[in-house]
Amino acid sequence: MSKPVILCVDDEAVILESLKAQLRKALGSSYVYEVAQDAEEALDIIDELNEDDVSILLIVSDWLMPGMKGDEFMIRVHQKFPNIVKILLTGQADQKAIDRAYAAANLHKCLFKPWSEKELIETVKSGLEKL
Amino acid sequence: MNDMVLNADEPANILVVDDTLANLQLLVGILTKHGYKVRPAKDGVQALSATQIIPVDLILLDINMPEMDGYEVCTKLKSDPKTRHIPVIFISALNDVLDKVKAFGVGGVDYVTKPFQVEEVLARVETHLALQRLQNNLQLKNTELAQTNQELANTLNRLQATQEELIQSEKMAALGQLIAGIAHEVNTPLGAIRSSVSNISKYLEEIFEDLPRFVDTLSAKEIQLILKIALCSINNKQLFSAKDSRKIKRAVTRELEEMGVPDADTIADTLSDMKISEDIESFLPILTHPDSTRMLEFAYNLSGLQRGTNTIETAVERASKVVFALKSYAHSDQKNELFKTNLIVGIDTILTLYQNSIKHGVEVVQNYAEIPLIYCYPDELNQVWTNLIHNAIQAMDNKGMLTIDVTQERGFAKISITDSGKGIPEEIKDRIFEPFFTTKPPGEGSGLGLDIVRKIVKKHLGEIEVTSVPGKTTFTVYLSMNLQPDSSS
């Protein structure tokens, strides 16, 4: 059985790189860390992995991205994969969008940029524990 | 008495001055019969004191009088500001030498010669009374006019002050709207910086942990190889998209599996994060070493120090750009000085402010020709670009294509801003530059934007034009490239 996946989604390369490095350091090699630069790409990756029978445990995603926004993305994911832990990591609070994500996508938590490593890792761990 | 209005309804006051009682009585009789209020005076002294006490609208003045003749009385009347305005008609006897020059010279307005015709006297009296009435009215009207002018001047000043307030509040309102988007634009770099700092800290921690052990247990060659891997990562500045990185990762995984490296996919992932995709065979000794995980991680940590600093540098630049753009925009433009400016930098600065809206679905195309620096009012031009770009993005509902073209034409810098929105209807196209004209609901925009834009463009001796069809609306701004600052500096 292959290792489960944690997926990071953000249109900003600087965020994606440093976020993945942070998660990788904190959570170690029990997980595979995948990245996508927008929601469409992320959905493609999710489908691919699903076809290969790889399980996705958790997604950390930005809200403001070109094309599909983070809340819509999370809702779509939830419809197909309700068990994936979903965390929003956003630089700008569109409160209505965040509320939608909580309601329709069972969002685990919404964190704000700049985030503290402690808060991020605690949130991820608490989310993974729910599984 | 000067401000007395000779009302046509009120009978006029006439002073008759003659030393001959019979003449006096005759004239008083004629005039009284005709409806005038008449006062007699038998000499100059009486006449002068009368004018000080009672209202007098016209004086009939005998010339030939003892002690003070008519000319002297008239001169005295004209030298007193209180009585200067009263029209004086001289009465002269037929056999008197009437010095007409002197009569008009001392300020008389007319004369009658005795024996006079009643009709003639009445006609002249009425004429001069009418004249006086008109002059008084004119003076009143002039005073009113002067007052009205002053009020208008005051109102104009207030309007100008109000307009400036409106311009300022328009700017602040637009600024307020931008700030929400800017928070995101600054928080993102901050997020990258913070997490990079945390990562660098972790890397250093582990480097200090691992280094003594490696120095003890590894050969010099092995340590050198680890350093080589780290250097390889640091030197590889190629940027791949996430998609391409995944493809490369799959290829590397296969390669590693073929070389018999355990845990191929994890190692491929680490190498991918280190941007290493070639020459992997040379790293085999490390990758197949029992302590391979820690050794590769050491190389990852070392090179991670560089990756982290690069990220921080990029992020700081991004944040600085946004703050600079904000500062430029909010900067008070009271200097009103011509400044040699790079127009394109100015436009791009404003675009930075709108990154947020642009990310929502606007594609930006920039066609910039090389144009020289020009003297202009850069703060005011910022308002122009802000206004036009803001309008363009709004017109497209934040989705579509924004094209900015910069060229030069016949001594003018030519800047075109095109949006793919639904366009401006023909009927209102001529009105959009009117102050206070807006198609937005009340409370959403003062309608001053394009008026202000046009004023600023004109200040640059330029023009602004608009063409519009549904799907393509273009505002073109021409700015003179020949403005020069005062040569007195």
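In chain A, what share of the contacts between residues at least 6 apart in sequence joins residues at least 24 apart? The figure is 67%, where a contact means two C-beta atoms, placed from the backbone, within 7 Å of each other. I will come to chain B after going through chain A.

Some ground rules. This is a predicted model, in which local features need pLDDT of at least 70 and side-chain atom pairs count only at pLDDT 80 or more, while totals for chains, interfaces and linings use all residues. Residues are numbered from 1 along each chain as its sequence is written, and chains are lettered from A, with ligands numbered from 1, in the order in which they are written.

Chain A, then. It has five helices and five strands, taken as DSSP runs numbered from the N terminus, with helices being H or I over at least four residues and strands E over at least two. Starting at the N terminus, the order is β-α-β-α-β-α-β-α-β-α. Of its 131 residues, 44% are buried; buried means that 20 or more other C-beta atoms lie within 10 Å of the residue's own, exposed means 12 or fewer, and partly exposed is in between, again with C-beta atoms placed from the backbone.

The five strands make an open parallel sheet, ordered β2-β1-β3-β4-β5. Two strands count as paired if DSSP finds at least two bridges between them. At the edges sit β2 and β5 (109-112), each pairing on one side only. Neighbouring strands are turned by 20° against each other on average, direction ignored; axes are lines fitted to C-alpha atoms, for helices over the stretch in contact, and angles run from 0 to 180 degrees between N-to-C directions. Inside the sheet, β3 (residues 56-61) and β4 (residues 85-90) of chain A run parallel and are joined by four bridges. Opposite Val60(A), in β4(A), is Ile87(A).

Helices lie on this sheet. α5(A) touches β3, β4 and β5 of chain A, and its direction makes about 160° with that of β4(A). α2 (residues 39-51) of chain A lies across β1 (5-9), β2 and β3, at about 165° to β1(A).

Next, a helix pair. α1(A) packs against α5 (residues 117-130) of chain A at about 65°, the axes being 11 Å apart. The crossing is right-handed, that is, the near helix is turned clockwise from the far one by less than a right angle, anticlockwise being left-handed. On the α1(A) side the contact uses Gln22(A), Leu23(A), Ala26(A) and Leu27(A), and on the α5(A) side Glu117(A), Leu120(A), Ile121(A) and Val124(A). These residues come to six nonpolar, one polar and one charged; Ala, Val, Leu, Ile, Met, Phe, Trp, Tyr, Cys and Pro count as nonpolar, Asp, Glu, Lys and Arg as charged, and the others, Gly among them, as polar.

α1(A) also appears at the interface. Chain A gives 24 residues to the contact between the chains, and chain B gives 25. On the chain A side, the elements that supply two or more residues are α1 (13-27) and β2 (32-36). The largest share, eight residues, is from α1(A). By class, the chain A side has 12 nonpolar, six polar and six charged residues.

Now chain B. It has 15 helices and 12 strands, and 30% of its 489 residues are buried. Of its contacts with a separation of 6 or more, 70% are between residues 24 or more positions apart.

One open sheet here has five strands in the order β7-β9-β10-β12-β11, with mixed pairing. Its edge strands are β7 (362-368) and β11. The twist from one strand to the next averages 15°. β9 (residues 400-409) and β10 (residues 412-419) of chain B are antiparallel, with eight bridges, and Thr403(B) is partnered by Thr418(B). β11 (residues 463-469) and β12 (residues 472-480) of chain B are also antiparallel, over seven bridges, with Val466(B) paired to Phe475(B). These two form a hairpin with two residues between them, and Gly471(B) in the turn has a positive phi of about 100°. α15 (residues 449-459) of chain B lies across β11 and β12, at about 135° to β11(B).

Last, α13 (residues 378-395) of chain B. Its 18 residues reach 25 Å from first C-alpha to last, close to the 26 Å expected, which is 1.5 Å times one less than the number of residues. Why call α13(B) largely enclosed by the rest of the structure? Because 14 of its 18 residues are buried. After α13(B) comes Asp397(B), with a positive phi near 60°.
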